[in-house]
Number of protein chains: 2
Amino acid sequence: MESVFISGLGMIGSSLARNIKQGNQQVKILGYDPELVNGEFLISEHDVDQLTSFASGAESADVIFLCGPVDVIKQQITELATLNLKKDVVVTDVGSTKQEIMSVAHQLRDKQITFVGGHPMAGSHLTGARSGRSDLFVGAAYFLIPTSADNAGVVRIQRLLSNANVNWQLVTAKEHDSFVGAGSHLPHIIASTLALSALKTIDNTTVDAKLVAGGFCDTTRIAAADPDMWTAIMDSNREIILEQLNQFNDELKKLKTAIEQKNKAQIHDFFSDAQKIRKTIDRR
Amino acid sequence: MESVFISGLGMIGSSLARNIKQGNQQVKILGYDPELVNGEFLISEHDVDQLTSFASGAESADVIFLCGPVDVIKQQITELATLNLKKDVVVTDVGSTKQEIMSVAHQLRDKQITFVGGHPMAGSHLTGARSGRSDLFVGAAYFLIPTSADNAGVVRIQRLLSNANVNWQLVTAKEHDSFVGAGSHLPHIIASTLALSALKTIDNTTVDAKLVAGGFCDTTRIAAADPDMWTAIMDSNREIILEQLNQFNDELKKLKTAIEQKNKAQIHDFFSDAQKIRKTIDRR
């Protein structure tokens with residue numbers, strides 16, 4: 001019987017457990033989470049078969065999913081390199097950036113342990129095992145970062161999650177981090193800066209800030225997310241984020257200059273280009 | 001019988017017509033729109049009683065609503081100053097910026113004609129008379145810019161629209177333009193710049209841009225709006241927009257420096273302040 005160990009039973013880890021279990025009842029799922037309430041809930045729901053310590057779960061597993069924040073994943077990879085893991089084990093993770101993690105994972109690859117970086121791009125503002133869902137990943141991108149030797153590892157992860165209906169994306173770590181930098185990290189920076197800057201201005205008027213248009217609410221919605229998580233992300237994708245911030249500033253400067261110079265044709269071109277490119281991601 | 005003349009029978013003008021008519025069937029509504037289809041539709045719906053030329057509608061009205069884009073409103077105010085208007089007429093508009101319009105409207109005030117600037121902050125990406133609705137303004141801010149002599153004008157406009165359930169906001173033109181600058185114009189600039197900059201980066205990866213997270217779609221949604229309208233707005237609120245762009249750049253620079261210097265405490269404070277201030281406009 002195949003054993004899967006999931007470390008971190010929050011929304012992502014618990015959703016993986018549900019998917020693997022629903023795909024194949026024969027897989028034994030071991031779980032570990034420092035918050036006991038998560039594990040106990042999943043045991044009661046029969047989504048996890050047994051709660052273990054990190055070390056004993058890891059040592060008895062055929063596949064290991066590390067489902068914590070990036071800094072925890074990095075520590076755990078280092079710990080895994082000291083444990084007596086099964087010879088054919090496949091280790092993967094769900095961290096939201098990949099270059100740092102792939103670099104730390106050399107410790108495993110040096111010992112001939114297969115590591116495939118992973119990132120299911122799903123989630124919400126909710127946390128904890130109770131907010132996990134078996135349909136959390138449907139249609140979402142699930143990035144895998146294989147190395148040349150890892151093809152068998154990729155196949156095993158994809159087989160375990162064949163029920164999850166994800167959109168598998170095999171990319172390099174750099175390509176992944178560039179994609180999430182532009183599609184997620186930069187937007188968080190920009191939305192937060194806009195929320196701060198604009199709402200400070202509005203608080204200096206007599207008008208109630210709650211009267212702002214719906215467009216403002218959309219544009220700044222993600223600024224309400226957890227600052228702890230986002231501080232960690234800035235740290236783990238620093239180089240790419242700074243490069244993309246420079247590109248953003250270059251574009252913004254072009255528009256600002258056109259506004260200053262009353263260059264209507266250039267302003268129009270800018271908005272028209274933005275409209276065109278934004279329409280390419282319309283989902284309808 | 002009171003006569004109301006509405007110039008511009010698109011979404012805003014036609015919604016005003018519906019509201020005024022539903023509030024009081026005795027009010028006679030005259031309408032003008034260069035696109036005949038708008039007027040004909042409203043006649044067939046009995047929301048407008050009669051289509052006229054601009055001049056004859058204006059000269060027979062007790063209250064005049066100018067419901068075009070800002071540049072058209074400015075031209076029409078100049079034209080109104082040459083016409084033989086009723087002595088007690090109240091002129092108002094729905095332009096999305098107010099300082100320029102209030103300044104052009106001196107031509108009317110010099111002739112003892114009452115002008116009250118207005119801006120119902122409602123709308124959508126739809127246009128035209130068929131997209132107007134009698135409930136378009138419910139709960140929305142409706143700004144009025146009175147001058148010291150205009151109290152009677154304010155009362156007449158509010159009485160005509162007593163059925164619309166708007167949130168009346170009496171403010172100065174500068175305060176209005178500052179509010180919409182921060183709550184609408186700056187967000188449009190930022191969302192457009194983000195869409196351009198981030199999607200150019202993503203188009204350079206092998207990952208399909210449609211896989212970006214929902215947060216990106218929210219943050220850039222308004223970038224898909226009409227470039228014509230937004231080019232005109234940049235022109236009509238230039239000073240305030242440039243000032244607010246500088247404030248945005250100052251905030252962004254603070255965060256960028258903190259990321260460069262790996263100053264986690266400062267990055268965390270930034271996101272935490274943004275989260276706090278963003279939560280003040282939550283509507284639930």
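**View 1. Helices H8(A) and H11(A) meet within chain A of this predicted model.** From H8(A), the contact residues are Lys174(A), Asp177(A), Ser178(A), Gly181(A), Ala182(A), His185(A), Leu186(A), Ile189(A) and Ile190(A). From H11(A), they are Ile240(A), Ile241(A), Gln244(A), Leu245(A) and Phe248(A). Sorted by class, the residues of this contact are eight nonpolar, four polar and two charged.

**View 2. The axes of H8(A) and H11(A) cross at roughly 60°.** Helix H11 of chain A covers residues 238-260. Its axis and that of H8(A) come within 9 Å. An angle of 65 to 115 degrees would count as roughly perpendicular, and one under 35 as roughly parallel. The crossing at roughly 60° fits neither, so H8(A) and H11(A) are oblique to each other. The crossing is right-handed.

**View 3. H8(A) also meets H11(B), a helix of chain B.** H8 of chain A spans residues 173-203, and H11 of chain B spans residues 238-260. Their axes come within 9 Å and cross at roughly 135°. That angle makes H8(A) oblique to H11(B). Here too, the crossing of H8(A) and H11(B) is right-handed.

**View 4. Side by side, these residues form the contact of H8(A) with H11(B).** H8(A) supplies Ile189(A), Ile190(A), Thr193(A), Leu194(A), Leu196(A), Ser197(A), Lys200(A) and Thr201(A). H11(B) supplies Gln244(B), Gln247(B), Phe248(B), Glu251(B), Leu252(B), Lys254(B), Leu255(B) and Ile259(B). The classes are eight nonpolar, five polar and three charged. Look for Ile189(A) and Ile190(A): they touch H11(B), and they are also among the residues that touch H11(A).

**View 5. Chains A and B are related by a two-fold axis.** A turn of 180° lays chain B on chain A, with an RMSD of 0.0 Å. The shift along the axis is 0.0 Å. That is why the relation is called two-fold. Within chain B, Thr219(B) has the C-alpha nearest the axis, 1.9 Å from it. Both copies use the same surface: 100% of the contact residues of chain B recur in chain A.

**View 6. Chain A is assigned two domains, domain 1 and domain 2.** Domain 1 runs over 3-171, and domain 2 over 176-279. Their centres, taken over C-alpha atoms, are 33 Å apart. The domains do touch: eleven residues of domain 1 are in contact with ten residues of domain 2.

Key:
Residues are numbered from 1 along each chain as its sequence is written. Chains are lettered from A and ligands numbered from 1 in the order in which they are written. This is a predicted model: local features need pLDDT of at least 70, side-chain atom pairs count only at pLDDT 80 or more; totals for chains, interfaces and linings use all residues. Side-chain values use heavy atoms; hydrogens and water are left out. Copies are superposed by least squares on the C-alpha atoms of residues with pLDDT of at least 70 in both. Contact means heavy atoms within 4.5 Å. Axes are lines fitted to C-alpha atoms, for helices over the stretch in contact, and angles run from 0 to 180 degrees between N-to-C directions. Helices (H or I, at least four residues) and strands (E, at least two) are DSSP runs, numbered from the N terminus. Angles under 35 degrees count as roughly parallel, over 145 as roughly antiparallel, 65 to 115 as roughly perpendicular and the rest as oblique. A crossing is left-handed if the near helix is turned anticlockwise from the far one by less than a right angle, and right-handed if clockwise. Ala, Val, Leu, Ile, Met, Phe, Trp, Tyr, Cys and Pro count as nonpolar, Asp, Glu, Lys and Arg as charged, and the others, Gly among them, as polar. Domain bounds come from an automatic or database domain assignment.
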